[in-house]
Amino acid sequence: MKGFPYSIQLVAAGAFLLAGSAQAHRLVLFATREGDVIAGKAFFSGGRSAVAIPVQLQDAGGKVLQQVVTDEQGKFRFISAPPEAVMVVAESADGHRGVFELAARATSSGPDPQSVATTESASERPVVDLAELTYRVEELQQRIYLHDVLGGIGYILGIWGTVALFMAHRKYGMGTGRGGVNTRELPSASGK
Amino acid sequence: MHIAEGVLSGPVLGAGAALTAAGTALGLRRLRPETVPVVAVMGAAFFVTSLIHVPIGPSSAHLLLNGLCGIMLGWAAFPALLVSLLLQAVLFGFGGLSTLGVNTFDMAAPAVLAGRLFSWVRRYAKSGAGRFAAGFGAGAVAVLLGCLATAAALYFSGREFAAAAGTLLGAHIPIAIVEGFISGWAVVFLGRVKPDALEGGLP
């Protein structure tokens, strides 16, 4: 335990940190509706796919309608999904949870198959692009920015600084309602 | 290790909030103005290290530093981690406001226990190696107990204990080893330059 072990431990710890400086692990998912199919993707914030996680399709009351499991890219797919508004809910075994709400299908109930088909083929390309775009936007939103981290550190130091201020006031009796710090009551000045 | 909103049942959320409130009250009552800066620094360290994620298996894990918090802060680990977890929930959406009590308890209770464990072992281990071992043990134990506490919270909310504990422990055993080294190293370093910083775990 003398000399070089500390430096080795420090380097090992540092390498471990840097090697895996991926970002946070909030479970995020999004889904799009294409006709009867609801397809989407689940990922941990930072972009890593959420693999083999159960995803449920729930109605507005929270009743489970269908359940599937994400594939190795975090993708999932519900076939013959109901046209009503639904919630897509993913939950991992260790307590991460993501929810995505989908509005009711725009086409009126009981459409003739032909009109659905034409709608689908007409909007096929934009829908795919939209999904990709949604994913990118979600990814950017989940990103942790340096200014957030610095802001958080600032809050923590500020909160505890305020606590220290109040505790010091109580202990040393500074600022007793007359505004400002009364230096005559500082411990150094009063010889305590 | 941050449990999200909507996963836990009402009684578990209530119990977590009550236990965290009690721990925080105790921590604040024992807090001295001189140690508040240490609380701030450890809270900030906990806040930042939770953002460095390491992908392990189907989940991802991050360093916790709760063992070191317990060694240095004792019961003040409760208010320290509460503030940091609150900011993580508000700024980054880790965990959630309703689960704040449970998430704080899951991290801070093992921290306090690890602090006690450390100060007890250190009484019998006077050498540098013994002190390192005490720090290593406290750092690793705090992580593993945190996993079990989180799995227990999920279990009492109707989830499967074995699945949750298995996933969490699988991801956190490497973390526990790394944290053991960090805590051991920090303890040996602090023992040289500022021995009184290690008194937090004393009852």
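What pattern does chain A follow when read along the sequence? In this predicted model, the answer is α-β-β-β-β-β-β-β-β-α-α-α-α. Put as a tally, chain A comes to 5 helices and 8 strands.

Some overall values help to fill in the picture of chain A. The chain has 192 residues, and 34% of them count as buried. Its accessible surface comes to about 11,300 Å², and carbon and sulfur atoms own 60% of that area. As for contacts, take those in chain A that join residues with a separation of 6 or more: 46% of them link residues 24 or more positions apart.

Now for a single residue, Asp148(A). This aspartate sits in helix H4 of chain A, a helix that covers residues 146–172. Is Asp148(A) buried or partly exposed? With a relative accessible area of 21%, Asp148(A) counts as partly exposed, because buried would call for a value under 20%. Leaving aside residues up to four places away in sequence, Asp148(A) touches Leu91(B) and Phe92(B), and both of these belong to chain B. There is also a link to a residue of chain A: the side chains of Asp148(A) and His147(A) are joined by a polar contact of 3.4 Å.

Next come the cavities. How many cavities of 30 Å³ or more turn up in a search of the whole structure? The search finds 2. The largest holds about 50 Å³ of space. Its lining is made up of Met1(B), His2(B), Phe46(B), His62(B), Leu85(B), Asn103(B) and Met107(B). Sorted by class, that lining has 4 nonpolar and 3 polar residues, with no charged ones.

The second largest cavity has a volume of about 30 Å³. Around this second cavity are His2(B), Leu85(B), Ala89(B), Phe94(B), Gly95(B), Gly96(B), Leu100(B) and Asn103(B). Which helices each supply at least two residues of this lining? They are helix H4 (77–92) and helix H5 (100–124) of chain B. By class, the lining of the second largest cavity splits into 4 nonpolar and 4 polar residues, and again no charged residue takes part. Comparing the two linings, His2(B), Leu85(B) and Asn103(B) appear in both.

Key:
Residues are numbered from 1 along each chain as its sequence is written. Chains are lettered from A and ligands numbered from 1 in the order in which they are written. This is a predicted model: local features need pLDDT of at least 70, side-chain atom pairs count only at pLDDT 80 or more; totals for chains, interfaces and linings use all residues. Side-chain values use heavy atoms; hydrogens and water are left out. Helices (H or I, at least four residues) and strands (E, at least two) are DSSP runs, numbered from the N terminus. Buried means under 20% relative accessible area, exposed over 50%, partly exposed in between (1.4 Å probe, protein chains only). Contact means heavy atoms within 4.5 Å. A polar contact is a pair of N or O atoms within 3.5 Å; within protein, one must be able to donate a hydrogen and the other to accept it, and residues adjacent in sequence count only if both atoms are side-chain atoms. On a 1 Å grid over the protein atoms alone, a cavity is a set of points where a 1.4 Å probe fits but cannot get out, and a pocket is an open set with protein on both sides within 12 Å along at least five of seven lines; lining residues have an atom within 4 Å of a point. Grid points are joined across faces, edges and corners, and a volume is the space filled by probe spheres set on the points. Ala, Val, Leu, Ile, Met, Phe, Trp, Tyr, Cys and Pro count as nonpolar, Asp, Glu, Lys and Arg as charged, and the others, Gly among them, as polar. Accessible areas come from the Shrake-Rupley method with a 1.4 Å probe; for residues, only the protein chains shown count as cover.
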